[in-house]
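Hello,

Please find the structure below, for your files. My notes on it follow.

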Amino acid sequence: MAKQFWLMKSEPDVYSYADLEREGRTHWEGVRNYQARNLMREMKAGDQVLYYHSRSTPPGVVGIAEVVKEAYPDFTAQDPDSHYYDPKSSAENPRWSMVDLAPVRRLESLVSLAALKGNPELEGMAVVKKGQRLSVQPVRPEEFAIVLEMAASGSPRAPE
DNA sequence: GCCAACGTTGGC
DNA sequence: GCCAACGTTGGC
């Protein structure tokens, strides 16, 4: 199957792109929305992900990640001590899934939500639509390419 | 921190 | 199966 593209949101205060770079790899635990879960279950190793910082100033795409492990049970749902514990999940019926991600590269500049909204070619992206809260979204190949072009032509990001 | 827009839960 | 109450997301 051809490589697929996605957008995944994370609050940088919880898990930022810098955290992913530092750790080199992570499991994407905590998705508790069925639509987002179902999309993760469609992911294949090698798929490319726009890494989006939400509840951030400004919110936007900061880097690229890659799917390195396809969907498997989210074990945090079965851990009573986890923030993501779900008593309705069990080993027999895991209910929630996660994938593993690794960083590919940080973008040359942040592509803000405002910039995404300002590009008419991206008006089909879920992230720019009002009321759209999905934390995992499919992205068309051409949309992915446009976002990378916007990052390359944007102003260099300030050092962190 | 506010709150609109959603999604989920559970009583009936 | 309806829908009110509640919880969450995420821009601002």
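**The surface around DNA strand C**

Sorted by class, the surface near DNA strand C is made up of 4 charged, 4 nonpolar and 2 polar residues. Please keep in mind that this is a predicted model. The residues that surround DNA strand C are Lys9, Tyr52, Ser54, Arg55, Pro59, Leu113, Lys117, Arg133, Leu134 and Ser135. On the DNA side, 54% of the atoms of strand C within 4 Å of the protein are sugar or phosphate atoms, and the rest belong to bases.

Three of the residues around the strand have atom distances to phosphate oxygens that I noted down. For Tyr52, a polar side-chain atom is 2.7 Å from a phosphate oxygen of DNA strand C. For Lys117, a polar side-chain atom is 3.4 Å from a phosphate oxygen of the strand. For Arg133 the atom in question is a backbone N or O, and the distance to a phosphate oxygen of DNA strand C is 2.3 Å.

**The loop between E3 and E4**

Strand E3 covers 48-53 and strand E4 covers 60-73, and Pro58 sits in the loop between them. The peptide bond from Thr57 to Pro58 is cis, with omega at about -10°. Arg55 belongs to the loop between E3 and E4 too, and it is among the residues that surround DNA strand C. Its phi is positive, about 50°, although Arg55 is not a glycine. Is Arg55 buried or exposed? Its relative accessibility is 71%, so Arg55 counts as exposed. That value takes only protein chains as cover.

**Arg95**

A positive phi also turns up at Arg95, which is not a glycine; the value there is near 70°. Arg95 is located in the loop between E4 and strand E5, the latter spanning 97-112. With a relative accessible area of 26%, Arg95 is partly exposed.

**Gln4**

Gln4 comes in the segment before strand E1, which runs over 5-10. Its side chain makes a polar contact of 2.9 Å with the side chain of Asp47. Apart from neighbours within four places in sequence, the residues in contact with Gln4 are Glu42, Met43, Lys44, Asp47 and Gln48.

**Chain A as a whole**

How many helices and strands does chain A have? There are 5 helices and 6 strands in its secondary structure. Read from the N terminus, the order of elements in chain A is β-α-α-β-α-β-β-β-α-β-α.

The C-alpha trace of chain A spans about 50 × 35 × 30 Å along its principal axes. The radius of gyration of chain A is 16 Å; a compact globule of 160 residues would have a value near 15 Å, so the two agree.

Of the 160 residues in chain A, 46% count as buried. The exposed area of chain A is about 8600 Å², and 50% of this is supplied by carbon and sulfur atoms. Among contacts in chain A with a separation of 6 or more, 75% are between residues 24 or more positions apart.

**Where to look**

If you open the model with limited time, I would suggest two places. One is the set of phosphate distances, including the 2.7 Å at Tyr52 and the 2.3 Å at Arg133. The other is the loop between E3 and E4, which holds Pro58 and Arg55.

Regards

Note on methods: Residues numbered from 1 in each chain as written. Chains lettered and ligands numbered in written order. Predicted model: local features only at pLDDT ≥ 70, side-chain atom pairs only at ≥ 80, totals over all residues. Heavy atoms only, no water. Near = heavy atom within 4 Å. Polar contact = N/O pair within 3.5 Å; in protein donor to acceptor, adjacent residues only side chain to side chain. Nonpolar A, V, L, I, M, F, W, Y, C, P; charged D, E, K, R; others polar. Helix = DSSP H or I, 4+ residues; strand = E, 2+ residues; numbered from the N terminus. Rg over C-alpha atoms; globule rule 2.2 N^0.38 Å. Buried < 20%, exposed > 50% of the residue type's maximum accessible area, 1.4 Å probe, protein only. Contact = heavy atoms within 4.5 Å. Areas by Shrake-Rupley, 256 points an atom, 1.4 Å probe, with all protein chains shown as cover.
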